[in-house]
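Here are a few friendly notes to read alongside the model. I have kept them to strand pairing and the contact between the chains.

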Amino acid sequence: MSQTVNTKRAQREKSGPYGKLGHALNELDDRMGVAKGGRSFLDKIFPDHWSFMLGEIALYSFVVVLATGVFLTLYYVPSQALTTYTGSYLPLYGQRVTEAFASTVNLSFAVRAGLLMRQMHHWSCNIFIGAIVVHMGRVFFTGAFRKPRETNWVIGTTLLILAIVNGFLGYSLPDDLVSGTGIRIAYSIILSIPVVGTYVAFFLFGGNFPGTSILPRFFILHVLIIPLIILGLVGAHMVLLVRQKHTQFPGKGKTENNVVGTPMYPVFMAKTTGFMFVVAGATALLGAFAQINPIWQFGPYTASRISYAVQPDWYMGFLDGALRIFPSWSFHSFGHTIPLEVTIPAVIFPGILFNLVMAWPAIERKFTKDNEMHNLLDRPSNRPKRTSAGVAVAVLCSMLFIASSTDVIANFFHLSLNSVLWAMRILCIVMPVLAYPVTYRICREMQGFAGAGKRKTTNIVTRTAEGEYVATPAPVYVDDLAHEHELDALPVPTYVVDAEDAVPAGEGGVRRVPR
Amino acid sequence: MSEHEQRTPVQLSTVSADDPRLQPAARRPELVEKVIAVTFLVGIALIVGFGAAYWVNATPWVLGATFGGGLFLMGVGLIAWGKYLMPRGPFVEERHTLASSEVERDAFAAAIVERGGGVIKRRKFLGGLLGAGMGIFGVVAAFPLVRSLGPMPKGTLFHTDWAKGTYLVDITGRRVHLEDLAIGSIMTVYPEGLENTDNGQAVDQTVLIRISNENFVTQKGRETWGPQGYLAYSKLCTHLGCPVGLYEQQLQLLVCPCHQSMFNVTNGCIPNFGPAPRPLPQLPLQFDAAGYLQSQSDFNQPVGPGFWERA
């Protein structure tokens, strides 16, 4: 008996003060050398700011999209072969439909939780792309893309493009009437590319529309090739993030050379894992209560049929809007046609837009001649030109997005389609042009306004026994104490107009810029 | 230690076990713990409910509400745990410069430029051969990878299956007779025998409209194309190839629902609104002896959207 106790004690002593787990960790470290790197990973500091959550939404909705997508592949059949629908949805009973359409309707109605998974998949795709866009906005307006993080900006933009492409491919797979029309439009956009367009379209689709092999090819692109690239790039995005560490807003104790916040383990780990559940849960609730893409109502795709109110998912809206409002300027000459009414809004415009976005860090560096390392974030109002440019582009895209609903707007407000069309053409030009100076002005005003963007301290009003009211300022919020030196920590923006005339930080840490 | 000092960030490795930064952020941790426990319990109940709902094959919204609600509440509880019951911080971590030392940089560049570069510079011929080989491989590999994906376009986009004497049939394959359409009516027709094929549906689809002869402008050279008020136009929009599926009967406009191009039926289907750049190509019609509609030839122009080779 005592023998056993002694052995156990001996074992416990051998494994050190951290018990069995400590022993296991030692064994692991002997073989893989994990202790040093693991410790620094657990101690990694994450800045506490709500805006850092936006990228997490993108990451976790990607997790949801992958998980639900795997479920869908178990039931979806990527085939254009015709079959007779004999499933449980009676309005379609006996119709000749493709295997792809039939299997999508079946996985929605005959597979348990299938509809929930399909709707979650579609919702999380929309959330994924939305979160990427908002996350990009955060990175852009706070200048987080500056040296040394330009590569991650380019990776992120590539991820946005891939996500949009993959979203479109997935949207096309059920082979329903609306998505089939979308593929037809995509084919015509490819055709519009000068010189090589016809060949690209024929090779991609295996012939003239509808081709012989769209669905199998879209399927393998959608479930394997593009997700694999996205996964690799997301990995690279994360590795660079860890290697370069987070940016942070200026504030008490925060410098270019440190990171202030909460440690990876256990605080951030608990919060971020919880947030993953929240994102997945919210997506499931959307999938439960908000119907999305009811393909059985649209019916199967037939090339000679079409429904009214044909609109794509939200992330393709700006392209659809551009196609709607662009004038019918086709170029015919020298025995060739360049369908400029398609090429400009659907090929050249997005080409310029995404290249501009990718190249922005380089463009800005060229203008500011700023080659320093930046780990502290900008307050958007302190970089009025960048902020105004970003707002102008965002306004343009929003206007184009609204323009993708010209028919719905005209119908809903009982307006003539012609007036709506012309209104949108004018707004798409005027609004971005207006947005720039207006944003610029607001930024400059905020620079000269003490405490802009800060919480106001409240007064506590007390009534004395005599009936007199006395107002005393409430104690400052503890969180605000941490931010109190925020403004004077900012570097003076070198390229703000009149920056050399700017008065250095004065009372209260506010730098006043002359108008 | 004043509250102000407690908010000064320190390095995680240097704090003592009783440091206030390692204490929970909540003022009343016991209460928070109870609230979180309740959140978790409700979450677990919902997840169990999901299992039960799945077992009895409940409707999708019940499945989603239990599954999503359960995950959501577990997440909220975990976030609250992290936010209120874990070390409140703040902590600080130093950044290490990403750049290596001058010596390491030079050694790295020297390895590439001197050791590697020297070898390649001295063997320019071999390098050239290797490059040429890889280049040729790239071109040759492009054939199986790209060329085999689809046929060459050749004349495909210039022609449809309509030819002299092709009968017009509806989607069920029935020929269209002189008396089938009332004035103002419209139907979609296909070349006989191709009504259920991909090409027949996607390329040859044609709108057949019967209009009265009043207010009708005959295009030059098309005097015989529309006998008895029967006019046939390609159903492919010249903008992006959507089927021009809507007919505004009073205004006699064909409307494409995708981007709202409108084509004037009484005037050769010239677009009078929207982004479509060209009229819908017209199919010349004739009657056979028994009064059934036939095409006189193919369309007068390539159908559908514009492309580079189109004249």
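## Notes on strands and interface

1. A good place to start is a pair of residues in chain A: A:Val461 has A:Ala471, in β8(A), as its bridge partner. Please keep in mind that this is a predicted model.

2. That pair belongs to a wider ladder. Strand β7 of chain A (residues 459-463) runs antiparallel to β8(A), and 5 bridges join the two. Together β7(A) and β8(A) make a hairpin, with 5 residues between them. In its turn sits A:Gly467, whose phi is positive, at about 95°.

3. Is β8(A) well covered or hardly covered? Hardly: this strand spans residues 469-473, and of its 5 residues the number that are buried is 0.

4. Now to the contact between the chains, to which chain A brings 84 residues and chain B brings 76 residues. On the side of chain B that touches chain A, at least two residues each come from α1 (3-6), α3 (60-84), β2 (91-94), α6 (198-202) and β10 (270-273) of chain B. The most come from α3(B), which gives 18 residues.

5. What is the make-up of that side of chain B, in nonpolar, polar and charged residues? The split is 44 nonpolar, 21 polar and 11 charged.

6. Strand pairing also crosses between the chains. Strand β4 of chain A (residues 258-263) and β2(B) run antiparallel and are joined by 4 bridges. Within this pairing, A:Val259 has B:Glu93 of β2(B) as its bridge partner. As noted above, β2 of chain B is also among the elements that supply at least two residues to the side touching chain A.

Methods. Residues are numbered from 1 along each chain as its sequence is written. Chains are lettered from A and ligands numbered from 1 in the order in which they are written. This is a predicted model: local features need pLDDT of at least 70, side-chain atom pairs count only at pLDDT 80 or more; totals for chains, interfaces and linings use all residues. Two residues are in contact if their C-beta atoms, placed from the backbone, lie within 7 Å. Ala, Val, Leu, Ile, Met, Phe, Trp, Tyr, Cys and Pro count as nonpolar, Asp, Glu, Lys and Arg as charged, and the others, Gly among them, as polar. Two strands pair if DSSP finds at least two bridges between them. A residue is buried if 20 or more other C-beta atoms lie within 10 Å of its own, exposed if 12 or fewer, and partly exposed in between; C-beta atoms are placed from the backbone.
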